[in-house]
Amino acid sequence: MPLEELRSRDPKSLIKSADGFLLDWDGCCAIDNLLVPEAAAFLRAHQKRLAIVSNNSTHTPDEMRAILDKSGIELPPERILLAGMFAIRRARDLGLKRAMIIGSPAMKALAQRSGIEVVREEAQVVILMRDTRVTYAALERAANCLAGGAKLIVANPDGSHRGANARIRLETGAFHAALEAAVDLSRAETEIIGKPSEGFFREACRIIGTSPHRTVMLGDNPDTDIEGAIRVGMPCLLVAPSPQEFFARLI
């Protein structure tokens, strides 16, 4: 769908006709995990029939819920779907017990609570997530695990997202590119979990009890938020040029 068509849609009429909503987090609801006030107003108004669907792979649903609680938004953790959480769940469901993880301490702890042993070498799987403290040594260990036959689970394909003052924040996809430069990943079994994966969108609709064609996706990334919605036949709105301006038009 051309971006011009997305930008020309009347957001108010589409919102009014929807049974439910899926919202992106970074760059849509929040900037550097600070809720955009206009987005918070939308979340409060529709909190009974929406879910957060985010490629965030740094935080847990409970951490997100704490941010929402401070703004008077009650969203149960099952309606906060995060790519990092789903990447760990996928490894667990595949029965992969030894994982080398590029990720935050919170995500490593979540993996351990899920019954996965977090290791530095000889892993069955490398789980790749956003890690703001990633080191050369960690990337080198991951590369050698993959060269040794480990499966690769990538939480999301994003190369970056925008932080405050439009500052570029490196994302999981940037680390994926680094590993591709070091290892022939065509020989590694690779699975990418987050948006635009159709399963991510369908699971969110199942949780809030709506069908995709009666649910509206609101997001700022055409390649993940919008592309994924289109794949499942879901109406979508591009949150642009800024979340403040976009959500102010809905008030």
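1. A salt bridge is taken here as a side-chain nitrogen of Lys or Arg within 4 Å of a carboxyl oxygen of Asp or Glu. The structure under review is a predicted model. By that criterion, a search of the whole structure yields 14 salt bridges. The points below consider one charged residue without such a partner, then several that have one, and finally a helix and a loop glycine.

2. Arg 130 deserves attention because the cut-off of 4 Å excludes its nearest candidate: the closest side chain of opposite charge, that of Glu 171, is 4.3 Å away. Arg 130 is therefore a buried residue without a salt bridge. Its place in the chain is the loop that runs between strand 8 (125-128) and helix 7 (136-147).

3. The side chain of Arg 130 does have a polar partner in the backbone, since it reaches the backbone oxygen of Leu 170 at 2.8 Å. Not counting residues up to four places away in sequence, Arg 130 touches Ser 57, Thr 58, Gly 103, Ser 104, His 161, Arg 169, Leu 170, Glu 171, Thr 172 and Phe 175. Glu 171 thus appears among the residues touched by Arg 130, although no salt bridge is assigned to Arg 130.

4. Asp 24 and Lys 195 present a buried pair: their side chains meet in a salt bridge, at 2.8 Å from N to O. This pair links distant parts of the chain, with Asp 24 in the loop between strand 1 and strand 2 and Lys 195 in the loop between strand 12 (190-192) and helix 9, 171 residues apart. Both residues are buried.

5. Asp 19 and Arg 214 also form a salt bridge, with their closest N and O atoms 3.1 Å apart. Here too the link is between distant parts of the chain, the two residues being 195 residues apart: Asp 19 is in the loop between helix 2 (11-17) and strand 1, and Arg 214 in the loop between helix 9 (198-208) and strand 13 (215-219). Asp 19 is partly exposed, at a relative accessible area of 37%, and Arg 214 is likewise partly exposed, at 34%.

6. Within helix 10 (residues 222-231), Glu 227 and Arg 231 are four residues apart, so about one helical turn separates them. The two form a salt bridge whose closest N and O atoms are 3.1 Å apart. Glu 227 is partly exposed at 32% relative accessibility, as is Arg 231 at 41%. Elsewhere, a network of salt bridges links Arg 90, Lys 151, Glu 189 and Glu 191.

7. In helix 6 (residues 105-113), the buried residues are Met 107, Leu 110 and Ala 111. They lie on the same side of helix 6 because they cover an arc of only 100° around its axis. These buried residues pack against helix 5 (83-93), strand 6 (98-102) and strand 7 (117-118). Gln 112 and Arg 113 are exposed on the other side of helix 6. After the helix comes Gly 115, which has a positive phi near 90°.

8. Gly 27 belongs to the loop between strand 1 (20-23) and strand 2 (30-31). With 8% relative accessibility, Gly 27 counts as buried. Leaving aside neighbours within four places in sequence, Gly 27 is in contact with Asp 220 and Pro 243. The C-alpha atoms of Gly 27 and Asp 220 are 6.4 Å apart, whereas the two residues are 193 residues apart in sequence.

Definitions and conventions
Residues numbered from 1 in each chain as written. Predicted model: local features only at pLDDT ≥ 70, side-chain atom pairs only at ≥ 80, totals over all residues. Heavy atoms only, no water. Buried < 20%, exposed > 50% of the residue type's maximum accessible area, 1.4 Å probe, protein only. Lys, Arg positive; Asp, Glu negative; His and termini not counted. Polar contact = N/O pair within 3.5 Å; in protein donor to acceptor, adjacent residues only side chain to side chain. Contact = heavy atoms within 4.5 Å. Arc of directions from axis to C-beta.
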